[in-house]
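The following report describes one chain and its ligand, beginning with the backbone and ending with the ligand shell. Please consult the sequence and the coordinates alongside the text.

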Amino acid sequence: MAARRWNSATIAEMLASLERSHGKSRYIPRFDPMDELISCILSQHTTDAHSFPAFTQLRERYPTWADVVAAPVAEVASTVRLAGLSNQKAKNIVGSLQKIHEQFGDYSLELLRTWPTAEAMVWLQTLPGVGPKTASIVLCFAMGRETIPVDTHVFRVSWRLGLIKEEIGEVKAHGVLMKLVPRELAFPFHTLLIQHGRTVCRAPLPSCEKCDLAKQCAWLKSDGPGKRQREMARTRKRSIKARKAKKVEVPGGSVNDSKN
Ligand code: SF4
């Protein structure tokens with residue numbers, strides 16, 4: 001796919017179009033940094049509908065982070081089982097808490113607010129179970145830093161527009177987008193791309209006819225949505241054909257249930 005040449009001006013232009021479609025995005029801190037970190041570890045590979053109740057149960061059972069560290073890991077795992085992968089997540093939570101205490105002498109990330117963003121980003125990723133996405137969510141949503149958490153929507157819309165190559169994957173996309181997007185636009189970039197990915201540029205097929213970015217979109221220019229649609233239609237046709245040809249067991253023997 002021929003990538004459009006992006007720069008600060010074209011990114012700003014793209015965000016202005018997104019703001020016209022979805023409204024302005026405003027920074028509102030969600031949790032304190034510790035709650036953000038632990039809830040984010042719990043949210044990996046699951047939905048908010050599962051991870052939020054797991055986080056609430058964890059906070060109700062253990063009033064302090066010291067209580068979580070003091071508890072048997074198996075007990076922590078059973079407390080957060082709703083979030084899935086609970087053994088691994090419990091180990092990561094306890095391991096992260098221990099490392100935070102070693103570094104700051106407390107179960108708190110407040111001192112991280114005094115660190116430069118790049119250093120804080122690197123250090124957070126030394127915690128077990130913390131990659132670039134979790135680290136940037138903590139810095140972005142709990143500390144108002146200019147990072148770009150790359151979730152499935154940000155990744156999909158970015159590669160479709162031609163900002164990044166799809167092959168690099170979500171983990172590497174973070175670094176590439178951080179270099180490309182001006183710092184002061186990082187927050188609206190993240191939130192508006194999520195909004196756009198949820199409502200217009202959806203998977204597997206986008207609604208390009210409703211998209212204000214159509215003129216800027218590399219995937220649309222290369223007929224990506226059309227090819228995807230034809231590919232899906234072929235797959236559907238093949239599976240209907242296979243279903244019709246499927247043999248079924250009937251009393252007295254096996255016959256082909258396709259009468260046509
Ligand atoms: S034109 Fe289509 S593929 Fe491109 S960003 Fe818009 S909705 Fe997504």
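## Backbone, core and ligand shell

Pro204 lies in the loop between helix 11 (186-199) and helix 12; helices here are DSSP runs of H or I with at least four residues, strands are runs of E with at least two, and both are numbered from the N terminus. The peptide bond from Ala203 to Pro204 is cis, with omega near -5 degrees. Most residues other than glycine have a negative phi, and most peptide bonds are trans.

The structure is a predicted model, in which local features need pLDDT of at least 70 and side-chain atom pairs count only at pLDDT 80 or more, while totals for chains, interfaces and linings use all residues. Residues are numbered from 1 along each chain as its sequence is written.

Positive phi values are listed below.

| Residue | Phi | Place |
|---|---|---|
| His45 | near 60 degrees | loop between helix 2 (33-43) and helix 3 (48-61) |
| Asp223 | near 60 degrees | loop between helix 12 and helix 13 (224-245) |
| Gly144 | near 65 degrees | follows helix 8 |

Burial is judged from C-beta atoms placed from the backbone: a residue is buried if 20 or more other C-beta atoms lie within 10 Å of its own, exposed if 12 or fewer, and partly exposed in between. His45 counts as exposed because it has 11 C-beta neighbours inside 10 Å. Asp223 is likewise exposed, with 11 other C-beta atoms within 10 Å.

Helix 2, which is followed by His45, is mostly covered, with nine of its eleven residues buried. Among them are Pro33, Glu36, Leu37 and Cys40. The cover over the buried residues of helix 2 includes helix 3, helix 6 (86-104) and helix 8.

Helix 8 has twelve residues and spans 15 Å from its first C-alpha to its last, close to the 16 Å expected at 1.5 Å a residue; the expected span is 1.5 Å times one less than the number of residues. Eleven of the twelve residues of helix 8 are buried, including Lys133, Ile137, Val138 and Phe141. The buried residues of helix 8 pack against helix 2, helix 7 (117-124), helix 10 (169-180) and helix 11.

The largest nonpolar core has 56 residues, and Val80 and Val138 have the most contacts inside it. Such a core is a set of buried Ala, Val, Leu, Ile, Met, Phe, Trp, Tyr and Cys residues joined through C-beta atoms within 7 Å. Helix 8 (residues 132-143) contributes the largest share of this core, seven residues. Leaving aside residues up to four places away in sequence, Val138 touches Pro33, Glu36, Leu37, Cys40 and Leu124; contact requires C-beta atoms, placed from the backbone, within 7 Å.

The ligand is surrounded by 14 residues, the closest being Cys201, Pro206, Cys208, Cys211 and Cys217; a residue is near the ligand if its C-beta atom, placed from the backbone, lies within 6 Å of it. By class, this shell has 13 nonpolar, no polar and one charged residues. Ala, Val, Leu, Ile, Met, Phe, Trp, Tyr, Cys and Pro count as nonpolar, Asp, Glu, Lys and Arg as charged, and the others, Gly among them, as polar. Helix 9 (152-161) and helix 12 (218-221) each supply at least two residues of the shell, and helix 9 gives the most, with three residues.

How values were computed: Contact = placed C-beta atoms within 7 Å.
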